[in-house]
Amino acid sequence: IDTMHFVRSGSRAADLAAVDPELIGYVQISDAPLQPTVTNYMEEAVFERMVPGEGELPLREILVALPAGVVIGLEVPMRDLAEAGVGPQDRLRRCVEGARGLLAG
């Protein structure tokens, strides 16, 4: 499950309850506005995501609805920051801190 595509497709956290937990093997966490802000959806999906907790996706609700033990990863490409000179460690630090805050909440 990719949180951006999941929410933007019209799915809700409550919809996860109807899914056989055996079918959910991996979840990619990123954040985004509810409505696309980039005209090319794939451009946003592949190159510009937001740090977990900085957008509008209902990430906490999604995490609560997931089966126990599911693997959670981060998918937060930030090409604009990379091109602006922000190094990979600084970009990664923001993502990890955002995810930790989300999981702690």
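Start by selecting Val 46, which is partly exposed, with a relative accessible area of 42%. The model on screen is predicted. Val 46 belongs to helix α2, residues 41–47. Add Met 42 and Phe 47 to the selection: with Val 46 they make up a nonpolar surface patch whose accessible area is about 260 Å² together. Val 46 is called partly exposed because its 42% falls between the limits of 20% for buried and 50% for exposed.

**From α2 to α4**

Stay in helix α2 and select Glu 43, then Arg 79. Their side chains form a salt bridge, with 2.1 Å from N to O. This pair connects distant parts of the chain, as Glu 43 sits in α2 and Arg 79 in helix α4 (residues 79–83), 36 residues apart. Glu 43 is partly exposed at 27% relative accessibility, and Arg 79 is partly exposed at 27%.

**From the α2–α3 loop to α5**

Next select Glu 54 and Arg 94. The closest N and O atoms of this salt bridge are 3.0 Å apart. Here too distant parts of the chain are linked: Glu 54 is in the loop between α2 and α3, while Arg 94 is in helix α5 (residues 88–104), 40 residues apart. Glu 54 counts as partly exposed at 43% relative accessibility, and Arg 94 counts as partly exposed at 34%. Now display Asp 2, Arg 49 and Glu 75, which are joined into one network by salt bridges that share partners.

How many salt bridges does a search of the whole structure find? The count is seven. One of them is between the side chains of Arg 12 and Asp 15, at 3.4 Å from N to O. Arg 12 is exposed, at 54% relative accessibility, whereas Asp 15 is partly exposed, at 29%.

**Glu 56**

Go back to the loop between α2 and α3 (59–65) and select Glu 56. Which residues does Glu 56 contact, leaving aside its neighbours within four places in sequence? They are Asp 31, Ala 32, Pro 33 and Leu 34. For Leu 34, show the backbone nitrogen: a polar atom of the Glu 56 side chain is 2.7 Å away from that nitrogen. For a distance across the model, draw a line from the C-alpha atom of Glu 56 to that of Ala 84; the two are 28 residues apart along the chain and separated by 24 Å.

**The strands**

Select strand β1, residues 26–29, and show side chains. Which residues of β1 point to the face where side chains are buried? Val 27 and Ile 29 do, while Tyr 26 and Gln 28 point to the other face and are not buried. In a regular strand, side chains alternate between the two faces of the sheet. Add strand β2, residues 71–74: β1 and β2 pair in the parallel sense over four bridges. Within this pairing, look at Tyr 26, which stands opposite Val 71 in β2.

**Last stop**

Finish with Glu 22, in the loop between α1 (3–8) and β1. Is Glu 22 buried or exposed? Glu 22 counts as exposed, at 71% relative accessibility. Select Pro 36 as well and draw the C-alpha to C-alpha line: Glu 22 and Pro 36 are 14 residues apart in sequence and 31 Å apart in space.

Technical notes. Residues are numbered from 1 along each chain as its sequence is written. This is a predicted model: local features need pLDDT of at least 70, side-chain atom pairs count only at pLDDT 80 or more; totals for chains, interfaces and linings use all residues. Side-chain values use heavy atoms; hydrogens and water are left out. Patches are made of residues with over 30% relative accessible area and no salt bridge: like charges are joined within 9 Å, nonpolar side chains (Val, Leu, Ile, Met, Phe, Trp, Tyr) within 5 Å. Accessible areas come from the Shrake-Rupley method with a 1.4 Å probe; for residues, only the protein chains shown count as cover. A salt bridge is a side-chain nitrogen of Lys or Arg within 4 Å of a carboxyl oxygen of Asp or Glu. Helices (H or I, at least four residues) and strands (E, at least two) are DSSP runs, numbered from the N terminus. Buried means under 20% relative accessible area, exposed over 50%, partly exposed in between (1.4 Å probe, protein chains only). Contact means heavy atoms within 4.5 Å. A polar contact is a pair of N or O atoms within 3.5 Å; within protein, one must be able to donate a hydrogen and the other to accept it, and residues adjacent in sequence count only if both atoms are side-chain atoms. Two strands pair if DSSP finds at least two bridges between them.
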